[in-house]
Amino acid sequence: WAGGYPEIVKENELFERYYRELGIVPAAEWDAFMAALREPLPATLRITGYRSHAKEILHCLKEKYFKELQDLEVDGQKVEMPQSLSWYPEELAWHTNLSRKILRKSPQLEKFHQFLVSETECGNISRQEAVSMIPPLLLNVNPHHKILDMCAAPGSKTAQLIEMLHADMNVPFPKGFVIANDVDNKRCYLLVHQAKRLNSPCIMVVNHDASSIPNLQIDVDGRKEVLFYDRILCDVPCSGDGTMRKNIDVWKKWTTQNSLQLHGLQLRIATRGVEQLAEGGRMVYSTCSLNPIENEAVIASLLEKSQGALELADVSSELPGLKRMPGITKWKVMLKDGQWFEEWKDVPSNRQTQIRPTMFPVKDEEKLKAMNLERCLRILPHHQNTGGFFVAVLIKKSPMPWNKRQPKVHQKLPQRTGDTEVTAATSDNGCECINEEPTLPENEEAKKVEELQNSVSEESKKERVCGPPPSKKMKLFGFKEDPFVFLPEDDPLFLPIQKFYALDPSFPKMNLLTRTQEGKKRQLYMVSKELRNVLLNNSEKMKVINTGIKVWSRNSDGEQFGCAFRLAQEGIYTLYPFIHARIINVCIEDVKILLTQENPFLSKFSSETQKKVKDMAMGSIVLKYDPDPEKPDDLQCPIVLCGWQGKTSLRAFVPKNERLHYLRMMGVEVFKAKRKEEESESKLEEEVQHGLAQTEEGMDVEDKEHDLVVKMEAEIGEESSHSPVGSSAMEVENKIEDLGQSSKNTNSHVSQESKDTGNVKD
């Protein structure tokens, strides 16, 4: 064992033979192409663009962390200064010459690595492969677009799409939304974890086979219409030979068989995607494969059967700075034994289950020319030190030929005269017209079944419950999801909340939901109006894993002060525009105290803050920091924190990584080497055992921050950074909510919270 595992030999004769023959790389570049594939993939990161503090993070990266990397040598390799990706807008994406392995293991890079991990958990940074950032950019998303991500896990592209919806931070509820789907139930929770970092009310995670994802319906002015998406991301499962630089297993496992087996599934998923695309909408098809069987063959087959309904968009002028190769128009099919076929007619009958006609290029030259396959994008690893990738952008000009009459959507309406029932049907262009259908005797039984289904659906809508679909329809296995229950308009639960926080009359209370039908409601979540519409109209056909952003949490101490629900940090930026009471404006020094001390006394705050708090009742509060333009050295982005006002103290309810983020932005050093951290933890444990209380007086900011981090790590068990998101659809609870002033109180609250974690999905 001392020698470890043998090094994987980065050679595959069949791979080289196949791609040399196809000519996907110019002959003069072949050696550079193969050399690049054998090098480890450099680490890349992307800054969350819609956050108001994106500029602050960028400044912090460039002026502090990147400068510290200068002139470093790691394992004999000189660390180059990170460079921004020239084709990514606003310098928000960066790459280094460091591999992920070196970044994780090297002691000299520990500080930079901790920064990346912490900011990633907050949702301010995404560590994402460079080529993976391309498809969302080519979708050209606007905030009003309805978007479907068909094969979304693990969710880095989904996160990009959510960012684009929130391009305007002043709009808490964009009109658009993202429905992120994945066939793998467990990977859906990874998707939830990724999406939750961005705290958006406009994302829904569902669990379906993408090749047969159901048509959804929405209510438009009292009529049901089929939901067509403005934008669809179709990043299909693939053989992944473009990822050899990071997945080195591909070197020894690669064979043409993988592509032959996946081609049919890829074509079915892409076909289902264009069926659900609105006319004039845009779908991006992408793979991390270099193989034309998975790429151009799928696109050519789709274009051919669309009979002019689809066209490849010319995106040559988009993403200037991105080096790309055009799509290819000629290719051959090879079996894993090395046997080549140029045409379908050459394939022997015993091989016709493995090789299908759609895998071959179109023979008709005119048809081939009209397809414009050269408009596809091929990204080669040696051009810009990336992985290999393929992208095609499709635009839908008219309904698909087999969908000329879009599926009917029946809607049971109360009025009925004689033997005529009024139903709503969808016309060719996707909008609805009203048809009158005579009731035929032979349809009597079918009608009864349909009426029964409709009545069940209507009943569930009346109760505002969107539960999981019936078990007989659910063929996928996975965790049993709790229902989504919208708060009724007259729910007595809401009145004290509305009064306590002086919510604006425009607050959309109809969009509040819980995950429990019985017992006390522990958490309140919020979705956008458009997602509420989708949820209520599709409960029987859709397996929803997660949606909504947490905005309030039940706090038993709060009832005596007039409101049983405290504000949740996750949803504060969504809620803040509607709150008109219990807001305290604080200065930057106050923010530092709130973030570095557990339960500071009021006397530690500025006199202005003490005056504001004096006449305010105890309970949950909003702490707002507004930058002062006359002090350019101070933090120049606004901060909104959730807090709690006690009798003699004031504290912030903010998760660990978010605290560290704000402190970094304010120039406070928060890095502690792991060894020191472990020593401090053992020291802290000894002190607790001996009943020693460590006073906060006289400690400098850095020591206080370290003390806080240690205690919080013990408190939350580092779940945020290590949890695989488990069987719960909701994010792991922020367990620091009820820390007391003394270690005794802290321990009692910890035990109480650990009891509560079982109900995390409420």
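**Entry 1: Lys541**

I began with Lys541, which I found in the loop that runs between helix 16 (529-537) and strand 27 (544-547). I kept in mind from the start that I was reading a predicted model. I then asked myself whether Lys541 is buried, partly exposed or exposed. Its relative accessibility is 26%, so I noted Lys541 as partly exposed, since the partly exposed class lies between 20% and 50%.

Next I looked up what the side chain of Lys541 reaches, and I found the backbone oxygen of Asn215 at 2.9 Å. I also checked Leu216, whose C-alpha lies 8.0 Å from the C-alpha of Lys541, although 325 residues separate the two in sequence.

**Entry 2: Cys288**

I turned to Cys288 after seeing that an unreviewed UniProt entry annotates this residue as "active site". In the model I located Cys288 in the loop between strand 13 (277-287) and helix 11 (296-306). Its relative accessible area is 23%, so I wrote down Cys288 as partly exposed.

Which residues does Cys288 touch, if those up to four places away in sequence are not counted? I listed Cys238, Gly240, Asp241, Gly242 and Thr243, and then Gly388 and Phe389. I also looked up Ile379, which is 91 residues from Cys288 along the chain, and I noted 9.4 Å between the C-alpha atoms of Cys288 and Ile379.

**Entry 3: a sheet of four strands**

Last, I traced an open sheet in which four strands follow the order 4-5-1-6 with antiparallel pairing. I asked which strands stand at the edges. They are strand 4 (83-84) and strand 6 (125-126), and because each has a single partner strand, one side of each is left without a neighbour in the sheet.

I followed strand 4 a little further, and I found that two bridges join strand 4 to strand 5 (residues 93-99), with the two strands running antiparallel. For Ser84 I looked up the bridge partner in strand 5, and I recorded Trp94.

Notes:
Residues numbered from 1 in each chain as written. Predicted model: local features only at pLDDT ≥ 70, side-chain atom pairs only at ≥ 80, totals over all residues. Heavy atoms only, no water. UniProt positions renumbered as here; feature names shortened; annotations may be inferred. Buried < 20%, exposed > 50% of the residue type's maximum accessible area, 1.4 Å probe, protein only. Contact = heavy atoms within 4.5 Å. Polar contact = N/O pair within 3.5 Å; in protein donor to acceptor, adjacent residues only side chain to side chain. Pairing = 2+ DSSP bridges.
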